[in-house]
Every structure is written in C-alpha cells, then in structure tokens.
Amino acid sequence: MSHPVHKPVIVALDFPTADAALALAQQLDPNECRVKVGKELFTRAGPQLVEKLIAQDFDVFLDLKFHDIPNTVAAACHAAADMGVWMLNVHGLGGLRMMMAARDGIERSSHRPLLIAVTILTSMQSADLVGVGLYSSPKDNVRRLAKLANKAELDGVVCSPEETEILKAELGDKFILVTPGIRPAGSVRHDQQRITTPEQAIAQGSHYLVIGRPITEAPEPMAALEAIQTRLIVNPT
Ligand code: C5P
C-alpha cells in the first residue's frame, strides 16, 4: 500500500491571463493543493503573478523546463529560487554539467526550492526520438536521464505514470517522481493519450500528481480536488 505525500496534487494553472489564474486560485485552498505555473501563463503574467500566488500561501511549481548553457541555466534557477517558488525544473537533455549548474544556481539563493528534471517529453514517440538521434526506447531514455538527474543531485524528475515503478526501483523512494496525465475515473481524457487515475499513480510510486482540467474546468474546482483527495486517503489501493 502506498501513502501519498502531504498535498500530492499540483493543480496546473493553464490560463492565458493572471486574472483567470487568480480567479481559479481563489477557489482553491492552499492547505489542500499546490499549483503549477507554466510557460504560457509565466510569459504573459510574469513573476508578479508567481509572487501573488506565493503571498496567498500557495506552493508554486514553476514549470519552465530550463535548457541552455550551464551558466545561463544556473542564473535562471537562481532567479527562480529568489522568487520563492517551491519547485522548479530543467530539461534533462541539457546534460550533467547543466543540471549540476542548475543545482549550484539554487544553492546561491537563500531559498532552496526542489529542483527536478524533465526527462523525455511524453509527447515524443520512438520516431520523434530517432529524429533527434536518440535510438533507444523512450523508457530507456527516461531511465538514463533520470539516473543523470540523480547523479547531478537533483531532487527528482517529471515522468509518466508508466515509468514510476522502474524509476522507484532503480533510484529509491526519496527521488521525487512527478506525474501528469492523471484523470480521475470517469472524467474526460481531453488530449491526454495514456491516462492513469490518481489512486493508480500513487500506488505505482508517484509522489506528486499534476492535474489540470479535471479540476480547473470543474463547476466547483475545490469539490473536484476534495473528491480526488478523499479517494487517495480512503482508497490508497
Ligand atoms: O489538463 P491536464 O490535466 O491535461 O494538464 C496537465 C498538465 O501537465 C499541463 O500543464 C501539461 O502541460 C502538463 N504536462 C503534461 N504532460 C507532460 C508534461 C507536462 O500533460 N508530459
């Protein structure tokens, strides 16, 4: 039986404006969930929005997937840490030296967020990987990059629920696994190809679940979140 970590649900605030994101956040309880700010919202609303969410007591996962030369990524991670985010990420394909620089970057800040790596984007299939010169299977690429992230002493990776069991077996329980592609039983799958229920994802070893539309598009977002939390506690499978 797997037990979820404290506040395992990260609500993806995939909105085009600060007002829309804040209106949704107002309907959520920061004691019950964390929030994710991605590239669109950050590009439109910037650090001010992140700071507002933090001032409202939300833990913010800044999902910008930094991927650049080590010096630039270190500076970007330092800046994100200074903003006070709870978690941020870089792209594992930036390599070991880039990930080590990212870690050095956050250590320059007085605030130490969790630092994780994206491995292989779940939108990429085998043919896409071959196109960029990666000839092994998506799963092997994920394993290799997760090991590299671990070697760089990052805190964990974003991965699909299909990869959590093997990553947990190879890298241990402390290495944080964050999984999107989550749909409560019976909810709309939208554009997600392979979906897993929150209960299954936790049972398979995910620590944190990134969930967007099943919560943000619900008539009552907080009720949708609570229904998910209740199933995680009552039915940990
Ligand atoms: O609305 P939904 O639950 O599908 O949102 C999932 C969130 O997780 C979105 O912000 C999406 O960009 C992100 N994500 C994903 N698949 C990945 C990585 C991130 O769905 N492989």
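Asp19 and Gln26 are exposed, on the face of helix H1 turned away from its buried side. The model is a predicted one. Its strands form a closed barrel of eight, with parallel pairing. A ligand is also present, with residues such as Lys36 and Arg183 around it.

**Helix H1**
- H1 covers residues 18-26, and its buried residues are Ala21, Leu22, Leu24 and Ala25.
- These buried residues fall within an arc of 160° seen down the helix axis, so they line one face of H1.
- An α-helix has 3.6 residues a turn, so residues three or four places apart point the same way.

**The barrel**
- The strand order is S1-S2-S3-S4-S5-S6-S7-S8.
- From one strand to the next, the twist averages 25°.
- Strand S1 (residues 9-12) pairs with strand S8 (residues 208-211) in the parallel sense, over three bridges.
- Ile10 stands opposite Val210 in S8.

**Helices on the sheet**
- Helix H2 (residues 39-55) packs on the sheet and touches strands S2 (34-37) and S3 (60-66).
- The direction of H2 makes about 145° with that of S3.
- Helix H4 (residues 96-107) lies across S3, S4 (87-91) and S5 (114-118).
- H4 runs at about 155° to S4.

**Around the ligand**
- The residues around the ligand include Ala12, Asp14, Thr122, Pro180 and the run Val210, Ile211, Gly212, Arg213 and Pro214.
- An N or O atom in the side chain of Lys36 is 3.0 Å from a ligand oxygen atom.
- For Arg183, a polar side-chain atom lies 2.8 Å from an oxygen atom of the ligand.
- For Gln192, a polar side-chain atom lies 2.9 Å from an oxygen atom of the ligand.

Conventions. Residues are numbered from 1 along each chain as its sequence is written. This is a predicted model: local features need pLDDT of at least 70, side-chain atom pairs count only at pLDDT 80 or more; totals for chains, interfaces and linings use all residues. Side-chain values use heavy atoms; hydrogens and water are left out. Buried means under 20% relative accessible area, exposed over 50%, partly exposed in between (1.4 Å probe, protein chains only). Helices (H or I, at least four residues) and strands (E, at least two) are DSSP runs, numbered from the N terminus. The arc is that of the directions from the helix axis to the C-beta atoms. Two strands pair if DSSP finds at least two bridges between them. Axes are lines fitted to C-alpha atoms, for helices over the stretch in contact, and angles run from 0 to 180 degrees between N-to-C directions. Contact means heavy atoms within 4.5 Å. A residue is near a molecule or strand if one of its heavy atoms lies within 4 Å of it. A polar contact is a pair of N or O atoms within 3.5 Å; within protein, one must be able to donate a hydrogen and the other to accept it, and residues adjacent in sequence count only if both atoms are side-chain atoms.
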